[in-house]
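Q: Please take a close look at one part of this model: the ligand sites, with the unusual backbone points noted on the way. Keep it brisk, and give cut-offs where a term needs them.

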Amino acid sequence: MNVLLAATERSDRADRWHRAFAALLPDARIHRWPGDAPSEVDYALVWKPPTEVFRRVRVRRAIFNLGAGVDALLAIETLPADVPVVRLEDAGMAVQMAEYAVLAVLREFRDADHYVRAQRAGHWSPLDRRDKSAFGVGILGAGVLAQAVVRALSPFGFPLATWSRSARAIPGAEAFAGPPALRAFLARSRMAIALLPSTEATRGLLDAAAFAALPAGAHVVNLGRGDLVVEADLVAALDRGHLGHATLDVFRDEPLPPSHPFWHHSGITITPHVSAVTLVAEAAAQVAAKLRALERGMPVTGVVDRSKGY
Ligand code: NAP
Ligand code: GLV
């Protein structure tokens, strides 16, 4: 079996992928892009591969995306249309998303920033406890990562809701589905956490109209992809005081350019796309298990529906 590894973002990471796959797939010959790429392989293991990969190498069985989001891969015009694309499902990312979301929600609900400022100013400044029943947390998305966020937030007793394409019943969360339900979902979301993929249908979804539909003082958290948000509309909604805060982990341009206004906006908290990082050992184990299943003629989960874009 011939396998191509094309994960060119960081060479140290590519070495770790190579070692992990070599240990998990001892029968496979693992070729590295660009070094020893043959003209044909059975499987490709890729993360943001150059366009050239699919021009030079024919992939016969499947392409494994070494991440959860497939937007970058599906945007490659040379990606073969007839080869299944399989994405990562959880692989150690769900717990990370849950940690990040819980941190963001509790930071806001427990007024952590107020107390940091008060301590710096030497002020003893207790605030009234917030009304939890009015602190709706809405998660845009109801997939693998959103479900982990719902599970992690459930014990705190916030009114939880999800919004997805199809109606999905997740215990402990009210389910909203489709564009007609978006306004009602946003209207009850004091915190709105985006965990959607970037697709034709979701790009620019969080725009002026969406921000206006959120309750006054709402906090937007984007953990999905940067292009879900219309940046100028977000800044305008923060500047006019309708939105209280935004916590952003993903951006249209990454790394966020040094001159970008988000860096120094007092209403924005930034992290550098770290809410859920790909863990090489977990991810490689999942990919290797699916690859072996395909070799046995078994079906696998996580096959991307190209018509939907995720
Ligand atoms: P997933 O399991 O495929 O879930 C995607 C969810 O989005 C599903 O609930 C889906 O609805 C919903 N959705 C898709 N298009 C929609 C639309 N047009 N309207 C309403 N809902 C829509 O994906 P996942 O594993 O949870 O990952 C979600 C995204 O997180 C990834 O695509 C990636 O962009 C991002 N991510 C970010 C990081 C990070 O570090 N920041 C790390 C990993 C992943 P249905 O349930 O109806 O299908
Ligand atoms: C990271 O953003 C991923 O999609 O895995």
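**Backbone first, then ligands**

A: A91 sits in the loop that runs from β5 (85–86) to α4. Helices (H or I, at least four residues) and strands (E, at least two) are DSSP runs, numbered from the N terminus. This is a predicted model: local features need pLDDT of at least 70, side-chain atom pairs need 80 or more, and totals for chains, interfaces and linings use all residues. Residues count from 1 along each chain, chains are lettered from A and ligands numbered from 1 as written, and side-chain values use heavy atoms, without hydrogens or water.

Back to A91. Its phi is positive, at about 50°. A91 is not a glycine. Most residues other than glycine have a negative phi, and most peptide bonds are trans.

Two cis bonds come next. W33 and P34 are joined by a cis peptide bond, with omega at about 0°. P34 belongs to the loop between β2 (29–32) and β3 (40–47). E254 and P255 are also linked in cis. Here omega is about -5°. P255 falls in the loop that connects β11 and β12 (268–270).

Now ligand 1. Its shell holds 29 residues (near means a heavy atom within 4 Å). Among these, A142, V144, S166, R168 and Y310 come closest. Two secondary-structure elements, α6 (144–153) and β7 (160–164), each give the shell around ligand 1 at least two residues. V144, one of the closest residues, is where α6 begins.

Where does ligand 1 lie relative to domain 1 and domain 2? Domain 1 (2–91 + 278–295) contributes residues to the shell, and so does domain 2 (94–270), so ligand 1 lies between them. The domain bounds come from an automatic or database assignment.

Three polar contacts to ligand 1 stand out (N or O pairs within 3.5 Å). The side chain of Y310 places a polar atom 2.6 Å from an oxygen atom of ligand 1. Y310 is also listed with the closest shell residues. The backbone contributes too. G143 brings an N or O atom of its main chain to 3.0 Å from a ligand 1 oxygen. For A276, a backbone N or O atom is likewise 3.0 Å from an oxygen atom of ligand 1. On its own, ligand 1 exposes 940 Å², and the protein buries 94% of that area (Shrake-Rupley, 1.4 Å probe).

What is the chemical make-up of the shell around ligand 1? It comprises 15 nonpolar residues, 9 polar ones and 5 charged ones. Asp, Glu, Lys and Arg count as charged; Ala, Val, Leu, Ile, Met, Phe, Trp, Tyr, Cys and Pro as nonpolar; the others, Gly among them, as polar.

Ligand 2 follows. Which residues surround ligand 2? The shell is made of G67, A68, G69, M93, R225 and H273. By class, that gives 2 nonpolar, 3 polar and 1 charged.

The polar contacts of ligand 2 draw on side chains and backbone. R225 reaches an oxygen atom of ligand 2 with a side-chain N or O atom, at 2.7 Å. H273 has a side-chain N or O atom 2.7 Å from a ligand 2 oxygen. A68 uses its backbone: a polar atom there lies 2.7 Å from an oxygen atom of ligand 2. Ligand 2 alone has 190 Å² of accessible area, and the protein covers 88% of it.

To pull the sites together: ligand 1 has 94% of its 940 Å² buried by protein, and its shell draws on domain 1 and domain 2. Its contacts include the Y310 side chain at 2.6 Å and the G143 backbone at 3.0 Å. Ligand 2 has 88% of its 190 Å² covered. There, R225, H273 and A68 supply polar atoms at 2.7 Å.

Technical notes
A polar contact is a pair of N or O atoms within 3.5 Å; within protein, one must be able to donate a hydrogen and the other to accept it, and residues adjacent in sequence count only if both atoms are side-chain atoms.
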